[in-house]
Amino acid sequence: MPDLAPALVAWYRDNARDLPWRAPGFGAWGVLVSEFMLQQTPVNRVIPHLDAWLALWPTPAALAKASPADAVRQWANLGYPRRALWLHRAAVEIRDRHEGIVPRQVDQLLALTGIGDYTARAVAVFAYGDHHPVVDTNTRRVLARAIDGQAQPGPPSRRDLAAMDALLPADAATSAVVNAAAMELGALVCTARGPRCTECPLRAMCAWRAAGYPDTGDTRRRQARYEGSDRQARGAVLKQLREASEHAVPIDDVAADWPDALQRDRAIDSLVADGLAEAVRGELRLPR
DNA sequence: GTCCGGTCTC
DNA sequence: GAGACCGGAC
């Protein structure tokens, strides 16, 4: 198997984007907040929200002192608002279980609300410089192509971590760069559609290229339409609650103009079930 | 209209 | 292991 690491490291040195969370001394809390926001939201939309969030809550303890409602409001339109609730819970857990310090151990990070395999290792590696494989969807695609000769990765699996681990050099600092470089290459060059293979630092050793770029199929499910969906209904209800500021909204006034009353009620129920809204005496509000 | 994505719940 | 979940960019 070819050694991809040196080519990745050299390419990253010249091509990495200058992103805020990559600045030296950005801090583990900043890295953790950025990773929460980046879990489902593109870089360009995250940056202004990240700056504002960290200015308001520069430490886990500061966020833990705020209410969940404040966190959901500040999350604004980043999408998937459960992440705001989870980030707030994680801050409370960090205050209560780790004396306000973002933990360094992967198993302790995994035990925090909203942190899974990717984020736990991203914090341990990018904030603390430890030696672990970090695998996101970009890395999985790079490895599927360069190593397995497949156009798209298969379903996520624990094997992904072992595959990335096998590529990492022994030195922790260099292995962190290799992790970051694989993700960055997948984001900028080895993209899902329209990959820029002529610019790729791995082209000389890429199994997919060697095989003639076969279309090996794409197992990803097509996303359902957003317009008219339950998701859109939830978004509309939550937007109204955010904009009501500190106030509760009479249930009958919640998304009153939504065309499908049953769908609106489903949205309200699911938001309450997720802890994103509270129903009190015929009114709906963000969680205190 | 189509695409992007990590974690949770069941 | 499968399905739910957001909103903006293109």
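**Ser 229 and the two DNA strands**

Biologist: Which residue's backbone oxygen does the side chain of Ser 229 reach?

Modeller: The pair falls under polar contacts: N or O atoms within 3.5 Å, where within protein one must be able to donate a hydrogen and the other to accept it, and residues adjacent in sequence count only if both atoms are side-chain atoms. The distance is 2.6 Å. The backbone oxygen belongs to Tyr 226.

Biologist: What kind of model is this, and how are residues, chains and ligands numbered or lettered?

Modeller: This is a predicted model, where local features need pLDDT of at least 70, side-chain atom pairs count only at pLDDT 80 or more, and totals for chains, interfaces and linings use all residues. Side-chain values use heavy atoms, without hydrogens and water; residues are numbered from 1 along each chain as its sequence is written, with chains lettered from A and ligands numbered from 1 in the order written.

Biologist: Is Ser 229 buried or exposed?

Modeller: Ser 229 sits in the loop between helix 12 (207-210) and helix 13; helices are DSSP runs of H or I with at least four residues, strands runs of E with at least two, numbered from the N terminus. Buried means under 20% relative accessible area, exposed over 50%, partly exposed in between (1.4 Å probe, protein chains only). At 13% relative accessibility, Ser 229 is therefore buried.

Biologist: Which residues does Ser 229 contact, leaving aside neighbours within four places in sequence?

Modeller: Contact means heavy atoms within 4.5 Å. With those neighbours set aside, the partners are Trp 258 and Gln 263.

Biologist: Which helix gives the largest share of the surface near DNA strand C?

Modeller: A residue is near a strand if one of its heavy atoms lies within 4 Å of it. DNA strand C has 12 such residues, and Asn 77, Pro 81, Tyr 226, Arg 231 and Arg 234 are the closest. Sugar and phosphate make up 56% of the atoms of DNA strand C within 4 Å of the protein. Three residues, the largest share, come from helix 13.

Biologist: Which residue has a side-chain N or O atom 2.7 Å from a base nitrogen of DNA strand C?

Modeller: Arg 45 puts a side-chain N or O atom 3.4 Å from a sugar or linking oxygen. Tyr 80 uses a backbone N or O atom, 3.1 Å from a sugar or linking oxygen. The base nitrogen is paired with the side chain of Arg 231.

Biologist: Which helix gives the most to the surface near DNA strand B?

Modeller: Around DNA strand B there are 18 residues, with Gln 40, Gly 116, Thr 137, Arg 193 and Gln 223 nearest. Helix 8 (117-127) and helix 9 (137-146) each supply at least two residues. With three residues, the top contributor is helix 8.

Biologist: How far is a polar backbone atom of Tyr 118 from a phosphate oxygen of DNA strand B?

Modeller: Ile 115 has a polar backbone atom 3.5 Å from a phosphate oxygen of this strand. Thr 137 has one at 3.5 Å too. For Tyr 118 the distance is 3.1 Å.

Biologist: Which strands stand at the edges of the sheet?

Modeller: Three strands form an open, antiparallel sheet in the order 1-3-2, where strands pair if DSSP finds at least two bridges between them. Each edge strand has a single partner, so one side of each lacks a neighbour in the sheet. The edges are strand 1 (249-250) and strand 2 (278-280).
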